[in-house]
Amino acid sequence: MSRGPRRAWRLAVLALVAAAVATEWMKPEADRTWEGEVLGFVPYSFKPPTWQRIRDAYWNERDDRLFTPRVFGVGWAVNLHRAYMLVSGAYAGLGGRPSPSHAEPSRPSRSSTKSSARP
(Lines give C-alpha, C1' and ligand atoms only; values in the text may rest on other atoms or scores of the structure.)
Protein backbone atom coordinates (compact mmCIF):
# COMPACT_ATOMS: atom_id res chain seq x y z
CA MET A 1 0.00 0.00 0.00
CA SER A 2 1.40 3.40 -0.87
CA ARG A 3 1.72 6.23 1.63
CA GLY A 4 -1.50 8.04 0.62
CA PRO A 5 -4.01 5.21 1.22
CA ARG A 6 -2.14 4.03 4.32
CA ARG A 7 -2.29 7.53 5.79
CA ALA A 8 -6.01 7.81 4.96
CA TRP A 9 -6.66 4.41 6.60
CA ARG A 10 -4.82 5.45 9.79
CA LEU A 11 -6.73 8.72 9.89
CA ALA A 12 -10.06 6.91 9.54
CA VAL A 13 -9.20 4.47 12.35
CA LEU A 14 -8.00 7.31 14.57
CA ALA A 15 -11.23 9.23 13.88
CA LEU A 16 -13.33 6.17 14.84
CA VAL A 17 -11.39 5.74 18.09
CA ALA A 18 -11.79 9.44 18.89
CA ALA A 19 -15.52 9.26 18.14
CA ALA A 20 -15.91 6.21 20.41
CA VAL A 21 -14.07 7.88 23.29
CA ALA A 22 -16.01 11.12 22.78
CA THR A 23 -19.28 9.15 22.83
CA GLU A 24 -18.39 7.69 26.22
CA TRP A 25 -17.12 10.99 27.66
CA MET A 26 -20.38 12.72 26.69
CA LYS A 27 -22.36 10.28 28.85
CA PRO A 28 -22.78 10.84 32.58
CA GLU A 29 -20.06 8.94 34.45
CA ALA A 30 -22.55 6.42 35.88
CA ASP A 31 -23.78 5.53 32.35
CA ARG A 32 -20.36 4.94 30.77
CA THR A 33 -20.01 1.32 29.66
CA TRP A 34 -16.96 1.81 27.40
CA GLU A 35 -18.54 -0.37 24.74
CA GLY A 36 -21.07 0.34 22.02
CA GLU A 37 -21.17 1.43 18.38
CA VAL A 38 -19.79 4.39 16.46
CA LEU A 39 -21.85 5.69 13.53
CA GLY A 40 -24.52 3.15 14.47
CA PHE A 41 -22.66 0.08 13.18
CA VAL A 42 -18.92 0.05 14.02
CA PRO A 43 -18.47 -1.74 17.37
CA TYR A 44 -16.04 -0.60 20.03
CA SER A 45 -14.98 -1.85 23.44
CA PHE A 46 -12.45 -0.31 25.78
CA LYS A 47 -13.05 -2.76 28.63
CA PRO A 48 -10.06 -4.85 29.67
CA PRO A 49 -10.06 -8.10 27.67
CA THR A 50 -10.80 -11.42 29.37
CA TRP A 51 -9.96 -14.89 28.07
CA GLN A 52 -13.68 -15.62 27.61
CA ARG A 53 -14.19 -12.47 25.51
CA ILE A 54 -11.11 -13.31 23.43
CA ARG A 55 -12.44 -16.81 22.77
CA ASP A 56 -15.93 -15.49 21.97
CA ALA A 57 -14.49 -13.06 19.43
CA TYR A 58 -12.02 -15.36 17.68
CA TRP A 59 -13.39 -18.92 18.06
CA ASN A 60 -17.11 -18.98 18.82
CA GLU A 61 -18.94 -22.13 17.78
CA ARG A 62 -22.30 -20.70 18.90
CA ASP A 63 -22.11 -17.57 16.71
CA ASP A 64 -22.85 -17.76 12.96
CA ARG A 65 -21.32 -14.34 12.27
CA LEU A 66 -17.99 -14.24 10.44
CA PHE A 67 -17.15 -10.80 11.85
CA THR A 68 -17.66 -10.27 15.58
CA PRO A 69 -16.96 -7.19 17.71
CA ARG A 70 -13.30 -6.81 18.68
CA VAL A 71 -12.20 -7.71 22.17
CA PHE A 72 -10.50 -4.33 22.62
CA GLY A 73 -10.58 -1.31 20.36
CA VAL A 74 -12.73 -0.31 17.40
CA GLY A 75 -13.88 -2.59 14.59
CA TRP A 76 -14.36 -6.29 14.07
CA ALA A 77 -12.58 -9.56 14.74
CA VAL A 78 -12.77 -12.67 12.53
CA ASN A 79 -14.58 -15.63 14.06
CA LEU A 80 -12.09 -18.27 12.92
CA HIS A 81 -14.48 -21.14 13.69
CA ARG A 82 -17.06 -19.68 11.30
CA ALA A 83 -14.34 -19.05 8.67
CA TYR A 84 -13.19 -22.67 9.02
CA MET A 85 -16.75 -23.95 8.58
CA LEU A 86 -17.32 -21.77 5.50
CA VAL A 87 -14.06 -22.85 3.86
CA SER A 88 -14.72 -26.51 4.73
CA GLY A 89 -18.21 -26.30 3.27
CA ALA A 90 -16.93 -24.67 0.09
CA TYR A 91 -14.23 -27.34 -0.25
CA ALA A 92 -16.79 -30.10 0.25
CA GLY A 93 -19.00 -28.46 -2.38
CA LEU A 94 -16.15 -28.68 -4.86
CA GLY A 95 -15.96 -32.44 -4.45
CA GLY A 96 -13.42 -32.58 -1.68
CA ARG A 97 -13.79 -34.34 1.61
CA PRO A 98 -16.99 -33.75 3.60
CA SER A 99 -17.07 -30.74 5.86
CA PRO A 100 -16.45 -31.44 9.58
CA SER A 101 -20.08 -30.77 10.49
CA HIS A 102 -21.28 -33.38 7.98
CA ALA A 103 -18.54 -35.98 8.30
CA GLU A 104 -19.55 -39.62 8.24
CA PRO A 105 -18.63 -41.80 11.20
CA SER A 106 -15.30 -43.52 10.73
CA ARG A 107 -15.33 -47.07 9.43
CA PRO A 108 -12.98 -49.79 10.65
CA SER A 109 -9.98 -50.32 8.41
CA ARG A 110 -9.32 -53.60 6.63
CA SER A 111 -6.39 -54.32 8.92
CA SER A 112 -8.62 -54.22 11.98
CA THR A 113 -11.13 -56.74 10.59
CA LYS A 114 -10.56 -60.44 10.70
CA SER A 115 -8.65 -61.51 7.63
CA SER A 116 -9.27 -64.81 5.95
CA ALA A 117 -6.76 -67.53 6.67
CA ARG A 118 -4.46 -68.34 3.77
CA PRO A 119 -2.78 -71.73 3.33
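A nonpolar surface patch, as I use the term, joins side chains of Val, Leu, Ile, Met, Phe, Trp or Tyr within 5 Å of each other, each with over 30% relative accessible area and no salt bridge. I note at the outset that the model is predicted.

**Entry 1: the nonpolar patch**

I looked up which residues meet that rule together. Leu39, Phe41, Tyr58, Trp59, Phe67, Trp76, Val78, Leu80 and Tyr84 make a nonpolar patch of about 940 Å² on the surface. I then asked which elements supply at least two residues each; strand E5 (76-78) and H3 do. I checked one member, Leu39. Leu39 sits in the loop that links strand E1 (35-38) to E2. Its relative accessible area is 66%, so I log Leu39 as exposed.

**Entry 2: the chain as a whole**

I counted three helices and five strands. Read from the N terminus, their order is α-β-β-α-β-β-β-α. The chain has 119 residues, and 17% of them count as buried. I put the accessible surface at about 9600 Å², with 61% of that belonging to carbon and sulfur atoms. I also looked at contacts between residues at least 6 apart in sequence. Of these, 24% join residues at least 24 apart.

**Entry 3: Pro43**

Pro43 belongs to strand E2 (residues 42-45). Is Pro43 buried or exposed? Its relative accessible area is 8%, so Pro43 is buried. I listed its contacts, leaving out residues up to four places away in sequence. Pro43 touches Gly36, Glu37, Pro69, Gly73, Val74, Gly75 and Trp76. I also took the C-alpha separation to Thr68, which is 25 residues away along the chain; it is 8.7 Å.

**Entry 4: His81**

I moved on to helix H3 (residues 80-93), where His81 is placed. His81 has 16% relative accessibility and therefore counts as buried. Which residues does His81 contact, its neighbours within four places in sequence aside? I found Tyr58, Trp59, Asn60 and Glu61. Of these, Tyr58 and Trp59 are also on my list for the nonpolar patch.

**Entry 5: helix H1**

I took two residues of this helix. Arg10 is found in H1 (residues 3-26). Arg10 is exposed because its relative accessibility is 58%. Arg10 also joins Arg3, Arg6 and Arg7 in a patch of positive charge on the surface. Ala19 is in H1 too. Ala19 has a relative accessible area of 28%, so I log it as partly exposed. Val74 is 55 residues from Ala19 along the chain, and their C-alpha atoms are 10.0 Å apart.

**Entry 6: salt bridges**

Side chains of opposite charge can pair when their charged atoms come close. I counted four salt bridges. I wrote up these three.

- Glu24 pairs with Lys27, with 3.0 Å between the closest N and O atoms. Glu24 is buried because its relative accessibility is 0%. Lys27, at 26%, is partly exposed.
- Asp56 and Arg62 meet through their side chains at 3.3 Å, N to O. Asp56 has a relative accessible area of 25% and is partly exposed. Arg62 reaches 63% and counts as exposed.
- Asp63 pairs with Arg65, with closest N and O atoms 2.8 Å apart. Asp63 is buried, its relative accessible area being 14%. Arg65 is partly exposed at 44%.

Terms used:
Residues numbered from 1 in each chain as written. Predicted model: local features only at pLDDT ≥ 70, side-chain atom pairs only at ≥ 80, totals over all residues. Heavy atoms only, no water. Patch = residues over 30% accessible without salt bridge, like charges linked within 9 Å, V, L, I, M, F, W, Y side chains within 5 Å. Areas by Shrake-Rupley, 256 points an atom, 1.4 Å probe, with all protein chains shown as cover. Lys, Arg positive; Asp, Glu negative; His and termini not counted. Charge placed at Lys NZ, Arg CZ, Asp CG, Glu CD. Helix = DSSP H or I, 4+ residues; strand = E, 2+ residues; numbered from the N terminus. Buried < 20%, exposed > 50% of the residue type's maximum accessible area, 1.4 Å probe, protein only. Contact = heavy atoms within 4.5 Å.
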